[in-house]
Amino acid sequence: MKILLIIPAYNEQDNILKVVNSIKGFVSTCNEYELDYIVINDGSTDLTQQVCEINDIKCINLVHNLGIGGAVQTGYIFAKINNYDIAVQFDGDGQHDINSIDNLLRPIINKESDFVIGSRFVNDKSKFKSTFLRRIGIRYLSFIIQLCSKVVVRDCTSGYRAGNKDVIEFLASNYPVDFPEPESIISLSKANFEIKEVDANMFSRESGVSSISSWKSVYYMIKVSLAIFCTSFQRKARC
């Protein structure tokens, strides 16, 4: 079974090598999966591309910054073209624990789910839970998603996700651009994919900054709420 880790990276010169080395270390001790990775360098303006080149990191360099949605969709297109069985979204900032990947893969391998979301809130094992205000925002968005789709996902902004071959095919053509994590849950739900949430360990960011600063949080919540409602009224049939 071929599994691809899609690693979007924007200005992650201080993190990307450590992230890739953690994956390589995991692969060296794991005989169960055929695990591969691809870094999507999203038009970084720092030394991310040079770090990847010097360290022979497998990378697609986007000429312009497309944002997280465009970067991740590039990864899904790559997974589709190269016939991977499962694609896993894995952040380039070092926040995702590679040792939690089995939790995401197991429901797909066992055909219990099509799409699995790694969550900080399923239990109390995760070392990082985010700030209090962001947790409130995540609960709010989770409520909106449940209202629109009847899907219960407690960590709806988590970027640690895995999808089977059908999901790869769908998201290669239908990945949201503006608010991909919450919106994609709605899109997949409307296309009748089975969605599951599992526990996953995450870490706090060691360097760099989040794409959503605190002063933007309220504005983000308003925009993403409207995006979720709009997406919920669209018909999203499988290809």
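Asn83 follows helix H3 and has a positive phi, near 60°. The model is predicted. H3 itself packs on an open sheet, touching E1, E2, E3, strand E4 (86–89) and strand E5 (115–119). That sheet has seven strands, with mixed pairing.

**Helix H3**

- H3 covers residues 67–81.
- The helix has 15 residues and reaches 21 Å from its first C-alpha to its last. That span is close to the 21 Å expected at 1.5 Å a residue.
- Buried residues of H3 include Gly69, Gly70, Ala71 and Val72. Gln73, Thr74, Gly75, Tyr76 and Ala79 are buried as well.
- An α-helix has 3.6 residues a turn, so residues three or four places apart point the same way.

**The sheet**

- The strand order is E3-E2-E1-E4-E6-E5-E7.
- Strand E3 (59–62) and strand E7 (195–199) stand at the edges. Each has a single partner strand, so one side of each is left without a neighbour in the sheet.
- On average, neighbouring strands of this sheet are turned by 20° against each other, direction ignored.
- Strands of a sheet pair through backbone hydrogen bonds, either parallel or antiparallel.

**Strand pairs around E2**

- Strand E1 (residues 2–9) runs parallel to strand E2 (residues 34–42), and eight bridges pair them.
- Leu4 has Asp36 in E2 as its bridge partner.
- E2 and E3 also run parallel, joined by four bridges.
- Asp42 stands opposite Leu62 in E3.
- Helix H2 (residues 48–54) forms a right-handed β-α-β unit with E2 and E3.

**Helices packed on the sheet**

- The direction of H3 makes about 155° with that of E1.
- Helix H6 (residues 165–174) packs on the sheet too. H6 touches E4, E5 and strand E6 (161–163).
- The direction of H6 makes about 105° with that of E6.

**Ser100**

- Ser100 sits in the loop between E4 and helix H4 (101–109).
- Its relative accessibility is 8%. The cut-off for buried is under 20%, so Ser100 counts as buried.
- Ser100 is in contact with Tyr160, Ala200 and Asn201, leaving aside neighbours within four places in sequence.

Definitions and conventions: Residues are numbered from 1 along each chain as its sequence is written. This is a predicted model: local features need pLDDT of at least 70, side-chain atom pairs count only at pLDDT 80 or more; totals for chains, interfaces and linings use all residues. Side-chain values use heavy atoms; hydrogens and water are left out. Two strands pair if DSSP finds at least two bridges between them. Helices (H or I, at least four residues) and strands (E, at least two) are DSSP runs, numbered from the N terminus. Axes are lines fitted to C-alpha atoms, for helices over the stretch in contact, and angles run from 0 to 180 degrees between N-to-C directions. Contact means heavy atoms within 4.5 Å. Buried means under 20% relative accessible area, exposed over 50%, partly exposed in between (1.4 Å probe, protein chains only). A crossover is right-handed if, with the strands pointing away from the viewer, the path from the first strand over the helix to the second runs clockwise. The expected span of a helix is 1.5 Å times one less than its number of residues.
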